[in-house]
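Me: I have this model open and would like a close look at one part of it: the packing inside. Please take me through which residues touch which, and start with what you mean by touching.

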Amino acid sequence: MSQAALAARRVVRRAAELWPGVLICLLAALSAQFLSSHYGAPAMLVALLLGLALQSAVRGADRVTAGLGFAARDLLRLGVGLLGARISLEVFLSLGAEAIWLVVASILGLLAFSLVFSRLLGRGWRLAVLTGGAVSICGASAAVAIAAVLPRSEHSDRDLSFTVFSVTLLSTVAMVAYPILGAALGLPDSAMALFLGATIHDVAQVVGAGFSVSEPVGETATTVKLIRVAMLAPFVMLLSLALPLFGAAPREGGARPPILPWFVVLFAAMAAAASFGVIPEPVQAMLWQGSRWLLLTAIVGVGLRTDLGGLLSMPPTALVLIVVQTVLLAAFALAWLAG
């Protein structure tokens, strides 16, 4: 039998192993999007809740195990990589240095604070990096990207589910509260846009908050948010380089993660192609939607693989950590704008 025939047989065998679990995740992702569209709930949060709710239906079903792992791991990374298609050099040039410095300073400052504060709370450094990156960069998308390069532990899936749930819920609260806070403080439209874009965790909630104020505020806030999204690739890349230097434990199977994860390379390649006009706008829109669907499907897989009992027993200090991070990010942005 030829090499091509053997390769084709392996692909078919692998697809047969994966499709039941992937199909469950995809159907749940479609349901999450339907519920989100009709009831206004964040799609990522609905997808996670559906995954958690469906656990009892798939528990012990060996046929779906491989597909759930593939969705929660490989589809998740592919979705993060395709996010880069939304980023271009125009995003940076359109706002100037102030917005970029605000974003960079908030990420570095919040990460440093998170590492110190989590230690005071008795929480591990993995949770500090995971929640700090999710809060300061781009919410659930950042959480899943960071989780993909952090060394595995017995609590990895639980911590990721907790972070996605918490950061999405807090982002929804911020979408309602921050425009009211900004108006009460008398922020002009330019400052309001920077505040909303630099502090709300997820893109969808930034859009909702910004356009609830005015169309110009919505457009500028979304652009600021995309600058934060653009920071995801360098953050994950630097994290991947730093982990071996600090003696981080190897991942499952004893192997260390690659120095430069493939999905970070894909993210950077997509962003470069978008910046140089290689990707037409209709294709960019398709890649963005594809990324969104992949992440929704992956989050369902994460929910299905999460120990619900362990999630419910998450220490209150973990919630304190992510709430304080959120409040501190908003306070830092307001202090920056006031200065």
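Reply: Happy to. Two residues are in contact, or touch, when they have heavy atoms within 4.5 Å of each other. Please keep in mind that this is a predicted model.

A word on confidence before we go inside. The pLDDT averages 82 over the protein, and 89% of the residues score at least 70. By element, the mean is highest in helix α16 (residues 316–338), at 92, and lowest in helix α15 (residues 308–312), at 65. Residues 250–257 fall below 50, and beyond near neighbours in sequence this stretch has 16 contacts in the model. Where pLDDT is low, the predicted coordinates should not be read in detail.

Now the overall frame. The protein is built with 16 helices and zero strands. Of its 339 residues, 49% are buried. Among contacts with a separation of 6 or more, 81% join residues 24 or more positions apart. The exposed surface comes to about 15400 Å², with 69% of it supplied by carbon and sulfur atoms.

A good place to step inside is helix α2 (residues 43–53). Eight of its eleven residues are buried, so the rest of the structure largely encloses α2. The buried ones are Ala43, Met44, Leu45, Val46, Ala47, Leu48, Gly51 and Leu52.

Several of those names come back when we look at what touches α2. Isoleucine 299, which belongs to helix α14, contacts Met44, Ala47 and Leu48, and also Val144 and Val164, once neighbours within four places in sequence are set aside. Its relative accessible area is 1%, so isoleucine 299 counts as buried. The partner Val164 lies 135 residues away along the chain, yet the two C-alpha atoms are separated by 8.6 Å.

Helix α8 (residues 156–184) offers another neighbour through threonine 168. With its close sequence neighbours, those within four places, left aside, threonine 168 contacts Pro42, Leu45, Ala140, Asp202 and Gln205. Leu45 is one of the buried residues of α2. Threonine 168 has a relative accessible area of 1%, and is therefore buried too.

Leucine 170 sits in α8 as well. Apart from neighbours within four places, leucine 170 is in contact with His201, Ile322, Val323 and Thr326. Leucine 170 and isoleucine 322 are 152 residues apart along the chain, with 8.9 Å between their C-alpha atoms.

Just after that helix comes leucine 187, in the loop between α8 and α9 (189–199). Not counting residues up to four places away, leucine 187 touches Gly182, Met192, Phe195 and Leu334. The C-alpha atoms of leucine 187 and leucine 334 are 9.5 Å apart in space, although 147 residues separate them in sequence.

Next, the crossing of two helices. α7 (residues 125–147) packs against α11 (residues 215–230) at about 95°, with 9 Å between the axes. Angles of 65 to 115 degrees count as roughly perpendicular, so α7 is roughly perpendicular to α11. On the α7 side the contact is made by Val135, Ser136, Ile137, Cys138 and Gly139, and on the α11 side by Lys225, Arg228 and Val229. By character, this set divides into four nonpolar, two polar and two charged residues.

Two residues of that crossing also meet leucine 232, in helix α12 (residues 232–245). Beyond residues up to four places away, leucine 232 touches Ile137 and Cys138, together with Val80, Leu83, Ser141, Ala142, Ala145 and Phe267. Leucine 232 has a relative accessible area of 1%, so it is buried. Phenylalanine 267 lies 35 residues from leucine 232 along the chain, and their C-alpha atoms are separated by 8.9 Å.

Leu83 then leads us to serine 291, in helix α14 (residues 281–305). Leaving out neighbours within four places, serine 291 contacts Leu83 along with Gly79 and Leu82. Serine 291 counts as buried because its relative accessibility is 0%.

If you want a path to click through, try this one. Begin at α2 with its eight buried residues, move to isoleucine 299 by way of Met44, Ala47 and Leu48, and then visit threonine 168 through Leu45. From there, look at the α7 and α11 crossing, follow Ile137 and Cys138 to leucine 232, and finish at serine 291 by way of Leu83.

Key: Residues numbered from 1 in each chain as written. Predicted model: local features only at pLDDT ≥ 70, side-chain atom pairs only at ≥ 80, totals over all residues. Heavy atoms only, no water. pLDDT = per-residue confidence, 0-100. Helix = DSSP H or I, 4+ residues; strand = E, 2+ residues; numbered from the N terminus. Buried < 20%, exposed > 50% of the residue type's maximum accessible area, 1.4 Å probe, protein only. Areas by Shrake-Rupley, 256 points an atom, 1.4 Å probe, with all protein chains shown as cover. Axes fitted to C-alpha atoms, helices over the stretch in contact; angles between N-to-C directions. Parallel < 35°, antiparallel > 145°, perpendicular 65-115°, else oblique. Nonpolar A, V, L, I, M, F, W, Y, C, P; charged D, E, K, R; others polar.
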